[in-house]
Amino acid sequence: MVQRVVVIGAGPSGLTSIKACLDEGLQPTCFESSHDIGGLWRFKEKPEPGRANIYQSVVINSSKEMMSFSDFPPPAQLPNNMHHSQVLLYLRLYAQAFKLLQHIHLQTTVLSVKPTPDFAVTGQWEVETERGQGQRKTHVFDAVMVCTGHFTQPHLPLTDFTGIESFEGRCFHSWEYRSAEGMQGKRVLVIGIGNSGGDIAVDISRVAEKVYLSTRSGAWVVSRVGQGGLPADLVGTSRLHVMMQKLVPSWFNRMLEKKLNEAFDHTLYGLKPKHRFFAQIPVVNDDLPARIISGRVQVKPNVKEFCGSSVVFVDESVINEVDVVVFATGYNYSFPFLPSALQAKCGYRLRLYKHVFPPGLTRPTLVVVGFIHGLGAINPLAEMQARWATRVFKGLSALPSEETMVEEIQKDTTGMHQRWTTSLTWTPWQSRWGLGQTYRGS
């Protein structure tokens, strides 16, 4: 009988997992390696290695109506699209309302998670933790919920860029970016047009001499403000719209793309992608078109090579005297504390049934919560995953056979790969599923 559950990480997914355990009468213990809750949404003045980081100007992509937990709406006085400080406030209020803080052990790092010798019978796990300087302890839990996220390991593919070793300026990953301080009067190249790349290009363009935004695939750009001034993610999300998307996906894509091009022609702005709208998560940015039309941001194709302070692009155009290069090239993910068998990948993601359960365990007592990219906010998705997981722990819900789970994982992976390859633009470091960075809507 599952009773004691360890929750690893006290970000949004960890907090809702603690609550799901309490709702099912389980006993959660949460270990958080940092000194505070909030995960990604706790702004750090200096980047903290091994932890997710955000920049000062971050405003969440999803409206508060769409990113809220089901039983705890954000206070009415908070704006529809919240600044990161307000998201953290919301998480604090959530933790306080449901008395979650008493179950969290801060500054406690999980070093390893491994099945007990009698795992086949008990389904239990040995969890080794470290607090402070060398204060190690081994615990035994009936179940494990991994909630550590996937924006902790910057993907910096320098070997993909010929001549980068000759670059004379400063280059760094977007993970390190905090603000445009120090960019005054600089000529800056941002590589990658995910949500972070677009945001950082706009942010720096307010002070820099010139900002160039390099993209190999282009992107559909959407605003936070929808029809009539409503939050855009509240428009066109009815069950009817979802049904139409499933029944006539090509037509639905065309209608959305036509609507987006009515706001601004993506071809004229150098942004039109080869992929359809639903093939990749779009870029949410209210300011990028205005920065492009004013010349403060110039869109460029993929980088061909670096030559000292000059950058050559695949269309043979060249920009000279580049001072700074920001690589907005996504993230790798890592769960070093898990057994190697549970770190097996299927494509570019973990091998998980419904993105939650490893299929090969004799007892389904370990889950990963929040490790998913969706066209929308992660909070309600993580909440549903946690609720499902705890019901499986309690024996109230059952999983299909391992064979069925493996077949579905493979089917899901194949379908995802076909969507990427059909777009003719997919590359591992751009993937919004395994390595991309879409956290502002998370």
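## The five-stranded sheet

In this predicted model, five strands make up an open sheet with parallel pairing, arranged in the order E9-E18-E10-E11-E14. Strand E9 (170–173) and strand E14 (297–300) are the edge strands, each pairing on one side only. Direction ignored, neighbouring strands of the sheet are turned by 20 degrees against each other on average.

Strands of a sheet pair through backbone hydrogen bonds, either parallel or antiparallel. Strand E10 (residues 187–191) and strand E18 (residues 324–327) run parallel and are joined by four bridges. Valine 190 has valine 326 in E18 as its bridge partner.

## Helix H5 on the sheet

Helix H5 (residues 195–205) packs on this sheet, where it touches E10, strand E11 (210–214), E14 and E18. The direction of H5 makes about 170 degrees with that of E11.

## The H6 and H7 pair

Two packed helices are described by the angle between their axes and the distance between the axes. For helix H6 (residues 239–247) and helix H7 (residues 249–263), the angle is about 120 degrees and the axes lie 5 Å apart. An angle of 65 to 115 degrees would count as roughly perpendicular and one over 145 as roughly antiparallel, so H6 and H7 are oblique to each other.

On the H6 side, the contact is made by His241, Met244, Gln245, Lys246 and Leu247; these meet Pro249, Trp251 and Phe252 in H7. By class, the residues of the contact of H6 with H7 comprise five nonpolar, two polar and one charged.

Technical notes. Residues are numbered from 1 along each chain as its sequence is written. This is a predicted model: local features need pLDDT of at least 70, side-chain atom pairs count only at pLDDT 80 or more; totals for chains, interfaces and linings use all residues. Side-chain values use heavy atoms; hydrogens and water are left out. Two strands pair if DSSP finds at least two bridges between them. Helices (H or I, at least four residues) and strands (E, at least two) are DSSP runs, numbered from the N terminus. Axes are lines fitted to C-alpha atoms, for helices over the stretch in contact, and angles run from 0 to 180 degrees between N-to-C directions. Contact means heavy atoms within 4.5 Å. Angles under 35 degrees count as roughly parallel, over 145 as roughly antiparallel, 65 to 115 as roughly perpendicular and the rest as oblique. Ala, Val, Leu, Ile, Met, Phe, Trp, Tyr, Cys and Pro count as nonpolar, Asp, Glu, Lys and Arg as charged, and the others, Gly among them, as polar.
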